[in-house]
Amino acid sequence: MGGNDHAFMARALELARKGLYSTHPNPRVGCVIVRDGEIVGEGWHVRAGEPHAEVHALRHAGDKARGATAYVTLEPCSHHGRTPPCADALVAAGITRVVAAMQDPNPEVAGNGLLRLMHAGIAVQSGVLEAEARALNPGFIKRMEQGLPFVRVKLAMSLDGRTAMASGESQWITGPAARAAVQRLRARSSVVLSGADTVMADNARLTVRPDELGLNPELSFLAASRPPQRVLVDGRLRVPLSAAFFQAGPALVATCAAAASRDRYADDGHELLAVASSNGHVDLRKLLLELARRGANEVLVEAGPRLAGAFARQRLVDEYQLFMAPKFLGSSARPLLDLPLARMAEAPELTIVDMRAVGDDWRIIAVPSPS
């Protein structure tokens, strides 16, 4: 069955990807039900609190689920969350074989769903297209395994590695295709995080604009229905509440300043979060732990050289997405990261995993090499 298993799981992954912009804090999951070599049911998880992929697929299959095989991109759940366990639904529907791409990354759950199915007499297999399944949910997996979100740092730069003019002017280094790609990065994230410098210099709002996503209407609608939480790191509360960032909707402000201002922010619909300081700055690791505790899977950092550099120095970055524009900004322009290094041996090593043209610009995806 090997080849067929791969083909049906590939379809399940295709369905799971439809949830890219809307499932958080839950994982993106797809399910395909196959009987006598024919797909009789399909489903994907749309939003947290709504039915899981398996339930949608079983409803679609109806009576044809009896004696069928279910292909699921993640081990069916075995516990009562907001919805009953999917393992039980598969048993009740008369499914005779379940193929999972990967086990549940939650150490307390891992394998229990599959065991539950086996005890019910269902043939079980796991690990089909596992790498692809893991790549679809990097944040959910990291949060379950390490209690931290997956951190993606987005940077836009010129060909000479500069991010802004000496004055701080930085808007629209890159073109419309790159800007749409950044909108999609925002839309798939649980959190979009920035710092006081960027928000003040660029008058940034950091919102998702559905009409700029370049997606089909269904996905644009879903993205708009689950906007990311906007988080501002503002250790000394420098950004005034009148700033465009605060006018664009509720925000979370991480600070080490006195909590006396909490009510003032709450009156405007924002939350002030006191985070321990590290050398007078918000402790970024502690902030990430708190965001994960609140269910953040993927955090997109869109910040200036100082804050982005702090994430890099503290080894908190899982992936860099660099958008490079075919222009020079000159030697007095600002650097990509504040990363004071004295010797070549100190230079952090990266692995480039993807590089492609995006309109007139180039996008480089790089990950820190294991040290």
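## Sheet, helices and backbone oddities

Me: Which residue in β9 stands opposite Val 192?
Reply: Strands here are DSSP runs of E, at least two residues long, while helices are runs of H or I, at least four residues long, both numbered from the N terminus. Two strands pair if DSSP finds at least two bridges between them; β8 (residues 191-195) and β9 run parallel, joined by five bridges. Opposite Val 192, in β9, sits Arg 230.

Me: What pLDDT must side-chain atom pairs have to count?
Reply: Numbering starts from 1 along each chain as its sequence is written, and side-chain values use heavy atoms, with hydrogens and water left out. It's a predicted model, so totals for chains, interfaces and linings use all residues, local features need pLDDT of at least 70, and side-chain atom pairs count only at pLDDT 80 or more.

Me: Which strands stand at the edges of the nine-strand sheet, and what's the average twist?
Reply: The open sheet has mixed pairing and runs β11-β10-β9-β8-β14-β6-β15-β18-β17. β11 (271-274) and β17 (350-358) each have a single partner strand, so one side of each lacks a neighbour in the sheet. Angles run from 0 to 180 degrees between N-to-C directions, using axes fitted to C-alpha atoms (for helices, over the stretch in contact). The edge strands are thus β11 and β17, and from one strand to the next the twist averages 25°.

Me: What angle does α7 make with β15?
Reply: Start with helix α6 (residues 138-146), which lies across β6 (150-158) and β14 (298-301) at about 135° to β6. α7 packs on the sheet too, in contact (heavy atoms within 4.5 Å) with β6, β8, β14, β15 (319-325), β17 and β18 (361-368). Relative to β15, the direction of α7 makes an angle of about 160°.

Me: How far apart are the end C-alpha atoms of α7, and why does that agree with a helix of 13 residues?
Reply: The expected span is 1.5 Å times one less than the number of residues. For the 13 residues of α7 (176-188) that rule gives 18 Å, and the model agrees because its end C-alpha atoms are apart by 19 Å.

Me: Is Leu 206 buried or exposed, and what's its phi?
Reply: Most residues other than glycine have a negative phi. Leu 206, in the loop between α8 (196-202) and α9 (217-225), isn't a glycine yet goes positive. Buried means under 20% relative accessible area, exposed over 50%, partly exposed in between (1.4 Å probe, protein chains only). At 5%, Leu 206 is buried, and its phi is about 60°.

Me: Which peptide bond is cis, with omega near 10°?
Reply: Look in the loop between α1 (2-16) and β1 (30-35), which holds Pro 25. The cis bond leads into that proline, from His 24 to Pro 25.

Me: How many disulfides are there?
Reply: A disulfide means a pair of cysteine sulfur atoms within 2.5 Å. Cys 31 is buried at 0%, and its sulfur is 8.5 Å from the closest cysteine sulfur, in Cys 86, so it's too far for a bond. By that rule the count is zero.

Me: Which residues does Asp 5 touch, leaving aside its neighbours within four places in sequence?
Reply: Asp 5 lies in helix α1. Its relative accessible area is 3%, so Asp 5 counts as buried. Beyond those sequence neighbours, its contacts are Tyr 71, Arg 97, Gln 125 and Val 128.
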